[in-house]
Amino acid sequence: MKTIFVKPLTIQKKWYLIDAEGKELGKVAVAAARILRGKNKPEFVPHQDMGDFVIIINAEKAALTGNKYQDKMYYRHSNFPGGFRETNYADMIKRNPIFPMEHAVKGMLPRGPLGRKLFTNMRVYAGDKHQQMAQQPIQVEI
């Protein structure tokens, strides 16, 4: 039995569409990270960009369980004294509706150059309109 090793130039990349409306934020992020990473393919290798492109629509309508809508916090620091800032999910959705979904998916990708490259293969939209109709994305059910 031979080991299959796919060269980067021979990889066929597809486009997938995930509708996040009414679905849990984490479950949508897991599905997107799995497709971006390429773990849904039999020829997956952890050190190569084997994944496909992902489009997430209705990101602002993703559901959260429990009291996370008010209790979930996002933190940042300006690296100046007293520069620690925190924002809850409800305020973040008003200010930047795609940030929570991007933040969740980015946390599930590997750190380093490969993770940064994989993250560029994802498009997130707050509403149900997207600009990748010409790529004929395949609908993914979660």
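Here is a short walk through the structure, starting at one helix and ending at a pocket.

This is a predicted model, where local features need pLDDT of at least 70, side-chain atom pairs count only at pLDDT 80 or more, and totals for chains, interfaces and linings use all residues. Residues are numbered from 1 along each chain as its sequence is written, and side-chain values use heavy atoms, with hydrogens and water left out.

Let's start with helix α1, residues 25–37 (helices are DSSP runs of H or I, at least four residues, strands are E runs of at least two, and both are numbered from the N terminus). Plenty of α1 is buried, including L25, V28, A29, I35 and L36 (buried means under 20% relative accessible area, with a 1.4 Å probe and protein chains only). Among the elements covering those buried residues are β1 (15–19), β2 (53–57) and α4. Right after α1 comes G38, with a positive phi near 95°.

Now for the largest nonpolar core (buried Ala, Val, Leu, Ile, Met, Phe, Trp, Tyr and Cys residues joined through side-chain atoms within 4.5 Å). It has 23 residues, and I18, V54, I56, M101, V105 and M122 touch the most other members. Its largest share, eight residues, comes from α1. Apart from this core lies another, of six residues, W15 and F53 among them.

Finally, the lining of the largest pocket includes K72, Y74, R95 and H103 (a pocket is an open set of points on a 1 Å grid over the protein atoms alone, where a 1.4 Å probe fits, with protein on both sides within 12 Å along at least five of seven lines; lining residues have an atom within 4 Å of a point). Strand β3 gives the largest share of that lining, four residues.

Terms used: The expected span of a helix is 1.5 Å times one less than its number of residues. Buried means under 20% relative accessible area, exposed over 50%, partly exposed in between (1.4 Å probe, protein chains only). Contact means heavy atoms within 4.5 Å.
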